[in-house]
Amino acid sequence: QLVETLGTYRMSPKELREFLLFLIQQPLDLERLNLSIRLAETGHSISCVLFDHHLSGYANLRMERVADVQWPPSGGYSFSCWLYIDDFGDEAYPLRIFSFETENHKGVCACFLQNRAICLQTSPQTQQFIKFGKVLLEPNHWYHVALTQSRPALKVFQHSVASLFVDGVFVQSEKLGYPSQTNAPVSGIIGTGSLFQNRTSLRWRLGPTMLFKSILSSQSVYILYKLGPAYSGHFEGHLQKYITCDAFDDSSVPVFQSWDLNTPLGFEPLPVLSMLSFVQDDIIFSYCSAAKKTPP
């Protein structure tokens, strides 16, 4: 069972050696074996933050001041994160992923799961939100979720477009109002605040998370997904050591074809990584349990 579970994860030779050394340090009794299986099944080798609601009914990370930038950004924004849900708990109770709000409570932007579907709210009125219902998340699986929202050219008469990507693939677009733009300071919260506490068995994990002051292209989102939940950098230097040609398997072919890059068959995918170079300066904030950064 342990071997089968480990086989579902991409482990480097070093990680596998360390894991096996852990197992043979002491006699492998039933308790140690069960612990090893649970660790492998929940992906603890990935740096993540655990949000457990069964004790206090809420769990969150607070950011009193996200960054010294105008919110929402004038050119649109993108949010990227890795999610792992252990237990949805009471599914009538939303799983709140993030919420950003200006000091005057006008520039609201919130993302949450409702009945396993990803929802986006851009208004102080809590009943005004859109639901991306084409994909329902399942427990015990790492998902890469990316949301982009563009600002309409005509501020008064046009709705903006919000797009959802799951595991690097475009899922759905919906129209909704763009958050009100102000110069007030913006704060943020990841998870559920005490105001919405509800004691359930809800338990989930958050891997590397980023907020950008630009619209990520579908290519950039796909490369972010292919970098995997173990990557926690900010696209500095060469990314080749984090992603290999093996990562671009047969499932990548239809994605590449949809990009219309006029690329011949058998092309080298690594130069595509340069698509992420421009977004390094667009990071508003990023969070990982191993490293936290808010660009100046």
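Aspartate 167 sits in the loop that links strand 9 (160-166) to strand 10 (169-176); strands here, like helices, are DSSP runs numbered from the N terminus (E, at least two residues, for strands; H or I, at least four, for helices). Although aspartate 167 is not a glycine, its phi is positive, at about 55°. The residue is buried, with a relative accessible area of 18%, where buried means under 20%, exposed over 50% and partly exposed in between (1.4 Å probe, protein chains only).

A word on the basis of these values is in order. The model is predicted, so local features need pLDDT of at least 70 and side-chain atom pairs count only at pLDDT 80 or more, while totals for chains, interfaces and linings use all residues. Residues are numbered from 1 along each chain as its sequence is written, and side-chain values use heavy atoms, with hydrogens and water left out.

Asparagine 115 offers another positive phi in a residue other than glycine, near 50°. It is placed in the loop between strand 5 (109-114) and strand 6 (117-121). With 43% relative accessibility, asparagine 115 counts as partly exposed.

Strands 5 and 6 belong to an open sheet of 6 strands, arranged in the order 2-11-4-5-6-7 with antiparallel pairing; two strands are taken to pair if DSSP finds at least two bridges between them. The edges are held by strand 2 (59-63) and strand 7 (129-136), each with a single partner strand, so one side of each has no neighbour in the sheet. On average, neighbouring strands of this sheet are turned by 15° against each other, direction ignored, with axes fitted as lines to C-alpha atoms (for helices over the stretch in contact) and angles running from 0 to 180 degrees between N-to-C directions. At one edge, strand 2 pairs with strand 11 (residues 186-192) in the antiparallel sense over 5 bridges. Alanine 59 has threonine 192 of strand 11 as its bridge partner.

Helix 4 (residues 218-227) is largely enclosed by the rest of the structure, because 8 of its 10 residues are buried. These are Gln219, Ser220, Val221, Tyr222, Ile223, Leu224, Lys226 and Leu227. Just after helix 4, glycine 228 adopts a positive phi of about 85°.

Leu224, Leu227 and Gly228 reappear among the residues lining the largest cavity, along with Ser80, Trp82, His144, Pro208, Thr209, Met210, Tyr231 and Gly233. On a 1 Å grid over the protein atoms alone, a cavity is a set of points where a 1.4 Å probe fits but cannot get out, whereas a pocket is an open set with protein on both sides within 12 Å along at least five of seven lines; lining residues have an atom within 4 Å of a point. The whole structure contains 3 cavities of 30 Å³ or more, and the largest has a volume of about 100 Å³, a volume being the space filled by probe spheres set on grid points joined across faces, edges and corners. Strand 3 (77-87), strand 12 (203-212) and helix 4 each supply at least two residues of this lining, and strand 12 gives the most, with 3 residues. The lining divides into 6 nonpolar, 5 polar and no charged residues; Ala, Val, Leu, Ile, Met, Phe, Trp, Tyr, Cys and Pro count as nonpolar, Asp, Glu, Lys and Arg as charged, and the others, Gly among them, as polar.

The second largest pocket has a volume of about 670 Å³.
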